[in-house]
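Trainee: I would like a close look at a single part of this protein, set against the chain as a whole. Please take it slowly and say where each piece sits.

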Amino acid sequence: MLVGLTGCMTVHGETAVLPATTEAEAEKVLENFVDVRNTAHRSFDADLSTTVQHGPLGDSERAALTALKAVHPEGDEEFKPLELRDAEFHIPRQAGWPKYFLASAPGQVGDVRAHWLVMFSRDGVEADWKASYLSVVEPDAAPEFAADEDGHARPLRKDATDPLAVEPARLGKSYTEFLQKGEGEAFAPGRFTTERRKTRAESANRPAARNEWADTPADPERYPVMGLYTQDGGAVVFFAVHQHTKQTVAEGYTPAVDPLVKPLLKGEARQTLTKAYLYQQLVTVPEAQDAQVDFLDQRAGLISAEGS
């Protein structure tokens with residue numbers, strides 16, 4: 001079931017297809033997100049971060065800030081705030097829940113400039129808007145989104161008839177199967193596809209350690225797929241997957257545990273260390289059936305670790 005790709009469906013008796021929000025409200029949501037995120041990152045406050053983030057982004061940031069707080073209780077003394085200016089808001093018409101909209105804006109952290117894409121969503125009229133996904137791309141790599149006659153973004157829908165190279169609901173399954181088996185040509189060669197498989201193969205068996213990987217699609221109920229159509233007839237899609245890495249060392253050795261892993265570690269890593277990651281990515285899905293999905297961005301968040 002593809003929860004994030006909503007069509008005209010009945011949820012809690014609501015069937016009217018309406019704009020997800022107004023531009024004025026979207027501006028306030030983005031401004032509050034930036035302010036709270038900066039405060040949370042400065043002090044490594046995981047609880048505060050969850051007031052403006054949920055979904056894949058929220059879970060990843062909560063774990064990261066928890067680990068950072070344990071290692072650096074004083075916070076980030078060299079913190080540089082995020083600044084977003086001249087944001088564009090891509091607000092679709094939707095029925096039912098969840099609803100979402102995308103904020104697209106040039107951003108700067110210190111001297112580093114990039115383009116930020118933040119997908120906000122909420123699950124009901126009484127719920128707060130929170131950021132579900134976040135991607136950062138090169139300044140000139142921001143997608144050009146399609147709009148209807150009234151200027152509203154075109155959301156991906158479960159009942160969409162537009163031909164796309166890969167059904168958005170199947171992206172997580174297709175991607176994780178490729179990582180595990182290397183089969184299929186749905187994804188373009190690159191850093192997060194063919195190069196990752198090559199890197200894994202090269203580091204699988206070391207003289208004193210064996211490394212293993214397991215990749216699985218994320219639960220579509222907890223981590224809905226979300227996306228918008230682009231002007232070229234394709235779409236950009238946010239989706240999440242899980243990755244587990246297991247290292248088993250030879251007798252006489254112990255796995256190396258990074259200081260930021262220790263606060264999330266259960267058990268003692270005497271011979272094995274298993275780390276669970278949540279990956280959120282933004283991809284372009286072309287219209288043509290014989291074209292390939294390409295990655296715009298991928299972000300890995302360590303969620304937990306276990307030793308034995």
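Mentor: The secondary structure of the protein chain consists of five helices and 14 strands. The model is a predicted one, so every value below is computed from predicted positions. Along the principal axes, the C-alpha atoms fill a box of roughly 70 × 50 × 40 Å. The radius of gyration of the protein chain is 20 Å, which agrees with the value near 19 Å for a compact globule of 308 residues. Of the 308 residues, 48% are buried. The exposed surface comes to about 15600 Å², and carbon and sulfur atoms supply 47% of it. Take the contacts between residues at least 6 apart in sequence: 67% of them join residues at least 24 apart.

The part to look at closely is helix 4, with the elements around it. Helix 4 covers residues 171–181, and its buried residues are L171, G172, S174, Y175, T176, F178 and L179. Buried here means under 20% relative accessible area. The cover over these residues includes helix 5 (194–203) and four strands: strand 9 (209–217), strand 11, strand 13 (272–285) and strand 14 (294–307). After helix 4 comes G182, which has a positive phi near 75 degrees.

Strand 11 is one of the elements that cover helix 4, and Q243 is a residue to follow within it. Q243 lies in strand 11, which runs over residues 235–249. Its relative accessibility is 6%, so Q243 counts as buried. The side chain of Q243 makes a polar contact of 2.8 Å with the side chain of R200. Leaving out residues up to four places away in sequence, Q243 touches R200, W213, A214, D215, K275, A276, Y277 and Y279.

Helix 5 also belongs to the cover of helix 4, and A204 leads on from there. A204 is in the loop between helix 5 and strand 8 (205–206). With a relative accessible area of 17%, A204 is buried. Apart from neighbours within four places in sequence, A204 is in contact with A209, R210, N211 and W213. W213 is thus found in the contact list of A204 and also in that of Q243. A204 and Q247 are 43 residues apart in sequence, yet their C-alpha atoms are 9.1 Å apart in space.

For a second helix setting, turn to helix 1. Two packed helices are described by the angle between their axes and the distance between the axes. The axes of helix 1 (residues 23–43) and helix 3 (residues 55–71) come within 9 Å and cross at roughly 35 degrees. On the helix 1 side, the residues that meet helix 3 are R37, A40, H41 and S43; on the helix 3 side they are E61, L65 and K69. By type, the residues of this contact divide into two nonpolar, two polar and three charged.

Helix 3 begins at residue 55, and G55 is among the residues in contact with S132, as are H54, P56 and L57. The list for S132, which leaves aside neighbours within four places in sequence, also holds M119, F120, S121, M226 and Q280. S132 itself lies in strand 7 (residues 130–137). At 3% relative accessibility, S132 counts as buried. Its side chain and that of S121 are joined by a polar contact of 2.5 Å.

Some backbone details remain. Most residues other than glycine have a negative phi, and most peptide bonds are trans. F44 is not a glycine, but has a positive phi of about 55 degrees. F44 sits in the loop between helix 1 and helix 2 (46–49), and with a relative accessible area of 9% it is buried. D86 is another residue other than glycine with a positive phi, near 55 degrees. D86 lies in the loop between strand 2 (82–84) and strand 3 (88–90). D86 has a relative accessible area of 69%, and is therefore exposed, since exposed means over 50%. Finally, the peptide bond from W97 to P98 is cis, with omega near 0 degrees. P98 is in the loop between strand 4 (93–94) and strand 5 (99–109).

Definitions and conventions: Residues numbered from 1 in each chain as written. Predicted model: local features only at pLDDT ≥ 70, side-chain atom pairs only at ≥ 80, totals over all residues. Heavy atoms only, no water. Axes fitted to C-alpha atoms, helices over the stretch in contact; angles between N-to-C directions. Helix = DSSP H or I, 4+ residues; strand = E, 2+ residues; numbered from the N terminus. Contact = heavy atoms within 4.5 Å. Nonpolar A, V, L, I, M, F, W, Y, C, P; charged D, E, K, R; others polar. Buried < 20%, exposed > 50% of the residue type's maximum accessible area, 1.4 Å probe, protein only. Polar contact = N/O pair within 3.5 Å; in protein donor to acceptor, adjacent residues only side chain to side chain. Rg over C-alpha atoms; globule rule 2.2 N^0.38 Å. Areas by Shrake-Rupley, 256 points an atom, 1.4 Å probe, with all protein chains shown as cover.
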